[in-house]
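Me: I should like to understand the reasoning behind the terms used for this model. Please set each value against the rule that applies.

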Amino acid sequence: MSDVILKPGKVKPVRNRHPWIFSGAIQRIKGNPANGDIVNILDTRSRFLARGYLNRLSQITVRILTWNDDENIDEDFFLRRLQNAIAARSALKKAPDTNAFRLCYGESDLIPGLIVDRYEEHLILQALTMGIERWKECIADLLLDLLHPQSIYERSDVPSRRKEGLPLTAGSLRGSEPPDLVETKENGHRFLVDIKKGQKTGFYLDQRENRRKVSLYCKEARVLNCFAYTGGFSVYAAAAGAISVDNVDSSIGALEIASQNMALNGFEQSSAQYTTGDVFQLLRDYGHEGRTFDLIILDPPKFAPSQGKVAAACRGYKDINLLAMRILKPGGILATFSCSSLINTSLFQKVLFGASVDAGRDVHIIEYLSQGSDHPVLLTFPESAYLKGLLCRVH
Ligand code: SAH
């Protein structure tokens, strides 16, 4: 096995069990390992620090799999890791009214680069890195043995694979070809999930608990669900007794499924509207038209993909939150989210503060929200905390 020697000043994060080693931390690589190979991480005095997989094409040149010198990276290693990840979701697996959740959340489950989501009897796998690409077939076999799903379908059509020097790919890995739309249950609600072409692996599983929490405020409310995707929040809102639910999204395909999801749960189409468009523009239009709502959900895509985009992202978040506050009835509820891991809760709260001052509204935070328990935050890897939400009352 080849060795990666770290620069003297760059050892501490590895000792603190951060799983990423950036190219700038590496003094030299001994031997001639191929990208994707397992390597040992050593300090300049050749002391073992960790073991992981290498990819020189990525700025994250090594992702660590273990800090234990006695632990080999083989099939048994992945079996143990997968068993741990599955065991950690046992409560969700037993929940009779939910059958869609994340089974493996990459670095947080100590398998960097691997995402596995479960939808009913189907597993969706994403191999995000070259290291995991190497072990993909082995991991698929292990998942088949451990869980006996009807199918394992790959959704490695994620643009970040290009940074790893990998092609984008999707298709059946094991079992029978899954249907285009898989019907799942979440907290007793039924959802059609487009596992083959939908965003992420088809559904925003990370919002499960937040959809339930927000629904508690939806009774007799006129709800505006911005960035509605396939209507996750909308179905919960209708089930909780909302008077009307307006869905806005830029994706016409997503809104078509949103409408099917409302029907699947028995909600009258007359109380729901679906508008394809840009939330920034539509919120402005609604303001000019004098339209108001009792509850607004803002769940935009990641605005800050890199550090250089944080300032612009904050302006974007401020803009939509200000526009939403302006069209909320006094005492109305704003459920506002950011899934940019580079924007932490305190910065997001500052953005909301700025929006509230400009809107001239008094805003109370009534609950801090985050990602679901199947997306656990690993303390040594703060990047795993990405979803934050503020449930606010706007006076
Ligand atoms: N709340 C959803 C997930 C939202 S994901 C759920 O619970 O399932 C973000 C959504 O925003 C995507 O569906 C994407 O199509 C949409 N989107 C991105 N930019 C947009 C824009 N400027 N205006 C409207 N929708 C947008």
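Reply: The turns below take up the domains, a salt bridge and the ligand of this predicted model.

Me: How do you know where the domains of the chain lie?

Reply: The bounds come from an automatic or database domain assignment. The chain is divided into domain 1 (2–66), domain 2 (75–175) and domain 3 (204–394). Taken over C-alpha atoms, the centres of domain 2 and domain 3 are 28 Å apart.

Me: What makes domain 2 and domain 3 count as being in contact?

Reply: Contact requires heavy atoms within 4.5 Å. Twelve residues of domain 2 meet this rule with twelve residues of domain 3, so the two domains are said to be in contact.

Me: What is the buried area between domain 2 and domain 3, and which three residues of domain 2 supply the most?

Reply: About 940 Å² is buried between the two domains, with 64% of it on carbon and sulfur atoms. On the side of domain 2, R102, Y105 and S108 supply 48% of the area buried against domain 3, more than any other three residues.

Me: Which polar links are found across this interface?

Reply: The count is seven residue pairs in polar contact, both residues at pLDDT 80 or more. Zero salt bridges are found between domain 2 and domain 3. On the side of domain 2 that touches domain 3, β7 (100–105) and β8 (114–119) each supply at least two residues. The largest share, four residues, comes from β7. By class, this side has six nonpolar, two polar and four charged residues.

Me: Why is the pair D117 and R102 called a salt bridge?

Reply: The rule asks for a side-chain nitrogen of Lys or Arg within 4 Å of a carboxyl oxygen of Asp or Glu. The N to O distance between the side chains of D117 and R102 is 2.7 Å, and the pair therefore qualifies. D117 is in strand β8 and R102 in strand β7, 15 residues apart. The whole structure has 29 salt bridges.

Me: What makes the approach of D278 to the ligand a polar contact?

Reply: The limit for a pair of N or O atoms is 3.5 Å. An N or O atom in the side chain of D278 lies 2.7 Å from a nitrogen atom of the ligand, so the pair falls within the limit. For D299, a polar side-chain atom is 2.6 Å from a ligand nitrogen atom. For Q199, the distance from a polar side-chain atom to a ligand oxygen atom is 3.2 Å.

Me: How many residues surround the ligand, and which are the closest?

Reply: The ligand is surrounded by 15 residues, and the closest are R211, D249, D278, V279 and D299.

Definitions and conventions
Residues numbered from 1 in each chain as written. Predicted model: local features only at pLDDT ≥ 70, side-chain atom pairs only at ≥ 80, totals over all residues. Heavy atoms only, no water. Buried area = accessible area lost by both parts, 1.4 Å probe. Polar contact = N/O pair within 3.5 Å; in protein donor to acceptor, adjacent residues only side chain to side chain. Nonpolar A, V, L, I, M, F, W, Y, C, P; charged D, E, K, R; others polar. Near = heavy atom within 4 Å.
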